[in-house]
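Please look through the structure below with the sequence at hand, and then follow the description a step at a time.

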There are 2 protein chains.
Amino acid sequence: MVRRNMSRHEKVDLVQKAHKTMTGAEKRREARRDQVLDAASACFVEHGFHGAGMAKVAKKAQMSVGHIYHYFESKEAIIAAIVDRESELAVERFAELYALPSDEIAAAMINRAEDIVVTKSDAFQSALNLEIQAEAQRNPHIAAILQEHDKKIRGLFSNILNTKLGLTDADARTELLMSLFGGLASRVLRNPGLKREKLIPLFQSLMHNLLNEPANA
Amino acid sequence: MVRRNMSRHEKVDLVQKAHKTMTGAEKRREARRDQVLDAASACFVEHGFHGAGMAKVAKKAQMSVGHIYHYFESKEAIIAAIVDRESELAVERFAELYALPSDEIAAAMINRAEDIVVTKSDAFQSALNLEIQAEAQRNPHIAAILQEHDKKIRGLFSNILNTKLGLTDADARTELLMSLFGGLASRVLRNPGLKREKLIPLFQSLMHNLLNEPANA
DNA sequence: TTTTATAGAATGAACGTTCTATCTAATGGT
DNA sequence: ACCATTAGATAGAACGTTCATTCTATAAAA
């Protein structure tokens, strides 16, 4: 880790966008768009996609409503851009996992599970994800974006399981791993008192089950 | 199963409400309320809590907007009533599990998982749950209702694991089981092509892991 | 001097809620 | 049994607000 501290979304830029080839004007435009996306994400987490009005978003972004429409053609376009950005962030996180030595992958994943349960660091992320998922449920355009990115992530992760851990049925393992992690994140809402001490041994046992070839294979 | 076919919510009535002691007027009132709740649930799944207006709900319920306000003091009260009703339904479903002989419980749960993945029978239910969860995230009143009911359900289920299957750490097992099921339901949205054949063996292995005492205990 | 950035007012629709009016069902006194 | 009176059921218009979006105008940059 030699890189300087970067915000969540500068990181995304590194992966996706060729900043080097951007003119000054394009960079400024991109920065403004990110400013809107940040503000909108915060508002949407707080009030929901349909509960948060453009006025609130503009206030949070510290620009006028009209100005926002200079960068996004509609509210739905903002939502779609947020989903895109978050999905790319997720891809990145899995890419980090890929860089790890094989014998550290399981430990890293258990660490992540602990983060979800015990710290509030991912609370915003989880909340936004939930909001996105609820929207995807009723908006086919959002659903399509989500599915496309999920496909990429599944492929990435299956590849880790297959090539780095040498596992069969990598797709099924991926699916259940993702169920478990996604489910755990939602559980925190329904049971805020969740204590990690009791959970971890069992969780580790499940991970062992999913990250090792069964005897009967 | 000798009982006649009943709607999802008549069932709820059986458990919770003392229909016998209700006057005719009270019964009619309750029926109207349910009529609103049914319509509102459908609208909320389709457009989200804040995306669906009272006009749409009224149309679906085949009554006037003013009439709805005769039975519910606000839109939020409708949301709260829906959350209550759905939570009671969930309690009921776990109660059915409780009635099963010990050696059939695991199989029944695996069946349920298959239902989630393969049939659309629970799709409406899952969608509504997701919507509720998203709302709970930003509305503390809804969150409180959800947490209260979840506590009841956790207790019920831990009790099954503890007394009927003789397991230690029943709370932790419950928590992970619920994570897994809840997570699986959301995965269907992100990966609609999900095939159950590949999933089931691994899923069974996880269930075995969670529903049996580990060797090292 | 022509784009681009920016703010803010204008617009028309939709929102949740309340108000008013009518119609139906129950109640009570005789 | 019958009318008077009250309570509840129901519809729809009305209200004030907020919504997403567009329009107009000005300031800055290229």
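The paragraphs below take up the relation of the chains, the contacts with DNA, the aromatic pairs, the charges over rings and some backbone angles.

What is shown is a predicted model, and the distances, angles and accessibilities given here are computed from it. A natural starting point is the relation between the protein chains. Two copies of a chain are related by a rotation about an axis and a shift along it. Here chain B is superposed on chain A by a rotation of 180° with 0.0 Å of shift along the axis, and the RMSD is 0.0 Å. The two copies are thus related as by a two-fold rotation axis. In chain B, the C-alpha of B:Gly183 is the one nearest to this axis, at 1.9 Å from it.

With the axis in mind, the DNA can be taken strand by strand. Around DNA strand D there are 16 residues, and the closest of them are A:Met54, A:Tyr69, A:Lys75, B:Arg32 and B:His67, a list that draws on chain A as well as chain B. Which elements supply at least two residues each of the surface near DNA strand D? They are helix H4 (65-71) of chain A and, from chain B, helix H2 (24-47) and helix H4 (65-71). The most is given by H4(B), with four residues. By class, this surface near DNA strand D holds six nonpolar, six polar and four charged residues.

The atoms on the DNA side can be described as well. Of the atoms of DNA strand D within 4 Å of the protein, 72% belong to sugar or phosphate, and the rest belong to bases. Several individual contacts involve phosphate oxygens of this strand. A polar backbone atom of A:Met54 is 2.6 Å from a phosphate oxygen of DNA strand D, whereas for B:Arg32 it is an N or O atom of the side chain that is 2.7 Å from a phosphate oxygen of the strand. The side chain of B:His67 likewise has an N or O atom 2.8 Å from a phosphate oxygen of DNA strand D.

DNA strand C can be read in the same order. It is surrounded by 16 residues, of which the closest are A:Arg32, A:His67, B:Met54, B:Tyr69 and B:Lys75. For this strand, helix H2 (24-47) and H4 of chain A, together with H4 of chain B, each supply at least two residues of the nearby surface, and the largest share, four residues, comes from H4(A). The residues of the surface near DNA strand C divide into six nonpolar, six polar and four charged. Of the atoms of DNA strand C within 4 Å of the protein, 70% belong to sugar or phosphate and the rest to bases. A backbone N or O atom of B:Met54 lies 2.6 Å from a phosphate oxygen of DNA strand C, and a polar side-chain atom of A:His67 lies 2.8 Å from a phosphate oxygen of that strand. A polar backbone atom of A:Ser64 is 3.0 Å from a phosphate oxygen of DNA strand C.

Away from the DNA contacts, the aromatic side chains deserve a look. A pair of aromatic rings is described by the distance of the centres and the angle of the planes. Over all chains the structure holds six aromatic pairs. One of them is formed by A:Phe44 and A:Phe49, an edge-to-face pair with 4.7 Å from centre to centre and 75° between the planes. A:Phe44 counts as buried at 1% relative accessibility, and A:Phe49 is buried with a relative accessible area of 1%. In chain B, the rings of B:Phe181 and B:Phe203 have their centres 5.7 Å apart and their planes at 80°, so this pair is edge-to-face. Because B:Phe181 lies in helix H9 (residues 170-190) and B:Phe203 in helix H10 (residues 196-211) of chain B, the pair ties together parts that are 22 residues apart in sequence. Both B:Phe181 and B:Phe203 are buried.

Rings also meet charges. A:Lys164 lies over the face of A:Tyr98, at 5.4 Å from the ring centre, and in chain B the charged end of B:Lys164 sits over the ring of B:Tyr98, 5.4 Å from its centre.

Finally, there are loop residues to examine for their backbone angles. B:Gln62, in the loop between helix H3 (54-61) and H4 of chain B, has a positive phi of about 60° although it is not a glycine. Is B:Gln62 buried or exposed? With a relative accessible area of 72%, B:Gln62 is exposed. B:Asp169 lies in the loop between helix H8 (140-164) and H9 of chain B, and its phi is near 50°, a positive value in a residue other than glycine. B:Asp169 is partly exposed, with a relative accessible area of 36%.

Conventions. Residues numbered from 1 in each chain as written. Chains lettered and ligands numbered in written order. Heavy atoms only, no water. Near = heavy atom within 4 Å. Polar contact = N/O pair within 3.5 Å; in protein donor to acceptor, adjacent residues only side chain to side chain. Nonpolar A, V, L, I, M, F, W, Y, C, P; charged D, E, K, R; others polar. Phe/Tyr/Trp six-rings, centres within 6.5 Å; stacked < 30°, edge-to-face > 60°. Buried < 20%, exposed > 50% of the residue type's maximum accessible area, 1.4 Å probe, protein only. Lys NZ or Arg CZ within 6 Å of the ring centre and 35° of its normal. Least-squares fit on C-alpha atoms with pLDDT ≥ 70 in both.
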